[in-house]
Amino acid sequence: MTYQPVLVGSGNTAWTFLKSTQASQQRAFENSAQIIRDTDYFKQRIADVKNVEDLVSDRRLLSVALGAFGLDEDIGNRYFIQKVLEEGVLTDDQSFANRLADKRYFRLAEAFAFDLSPSNIGLAGFADSIVDQYQ
């Protein structure tokens, strides 16, 4: 889920309104029921993920993972995301994610590091880091 600020008017009026309300709008977004449910679910379940398939087969986990990197719109492209994550970026300079022009995929693969054994999922603070980026 992507944060979409509310703007009133256009031009300088909208900019002034946004500057004065951005913090409160961001807090309201982070405290929405859907965001809280999704982030709590992610924190509870991400440690159970053993491989890429576990992640991409769980739509709620994948939604938070992709959202953390601005890739919300790719939720339906499971095979593509699976390929990005399986090949990773750390062990092969010619991997799929390394060749893509959009570096958000690189950052996603780098964060999860499924190409390493063990992946980064088991690291202390991993879930909190992804949730912070998601929010």
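**A tour from Lys83 to the core**

Select Lys83 to begin: with a relative accessibility of 27%, Lys83 counts as partly exposed. The model on screen is a predicted one. Add Glu87, whose side chain forms a salt bridge with that of Lys83 (2.7 Å, N to O). Glu87 is also partly exposed, at 29% relative accessible area. The two residues are four apart in helix H5, so about one helical turn separates them.

Next, select Glu73 and Arg104, whose side chains meet in a salt bridge of 3.7 Å, N to O. This pair joins distant parts of the chain, 31 residues apart: Glu73 sits in the loop between H4 and H5, and Arg104 in helix H7. Glu73 is exposed, at 51%, while Arg104 is partly exposed, at 24%. Add Asp102 to see a network of salt bridges linking Glu73, Asp102 and Arg104. The model has six salt bridges by the rule used here.

Now show helix H2, residues 33-45. H2 has 13 residues and spans 18 Å from first C-alpha to last. Colour its buried residues: Ile35, Asp38, Thr39, Tyr41 and Phe42. They lie on the same side of H2, because they cover an arc of only 160 degrees around the axis.

Stay on Phe42 and look beyond its sequence neighbours within four places: Phe42 is in contact with Leu61, Val64, Ala65, Phe112, Ala127, Ile130 and Val131. Finally, widen the view to the largest nonpolar core, which has 36 residues. Those with the most contacts inside this core are Phe42, Ile46, Leu55, Phe112 and Ile130. Helices that each supply at least two of its residues include H2, H7 (103-112) and H8 (126-134).

Notes: Residues numbered from 1 in each chain as written. Predicted model: local features only at pLDDT ≥ 70, side-chain atom pairs only at ≥ 80, totals over all residues. Heavy atoms only, no water. Core = buried A, V, L, I, M, F, W, Y, C linked by side-chain atoms within 4.5 Å. Buried < 20%, exposed > 50% of the residue type's maximum accessible area, 1.4 Å probe, protein only. Contact = heavy atoms within 4.5 Å. Expected span 1.5 Å × (residues − 1). Arc of directions from axis to C-beta. Salt bridge = Lys/Arg side-chain N within 4 Å of Asp/Glu carboxyl O.
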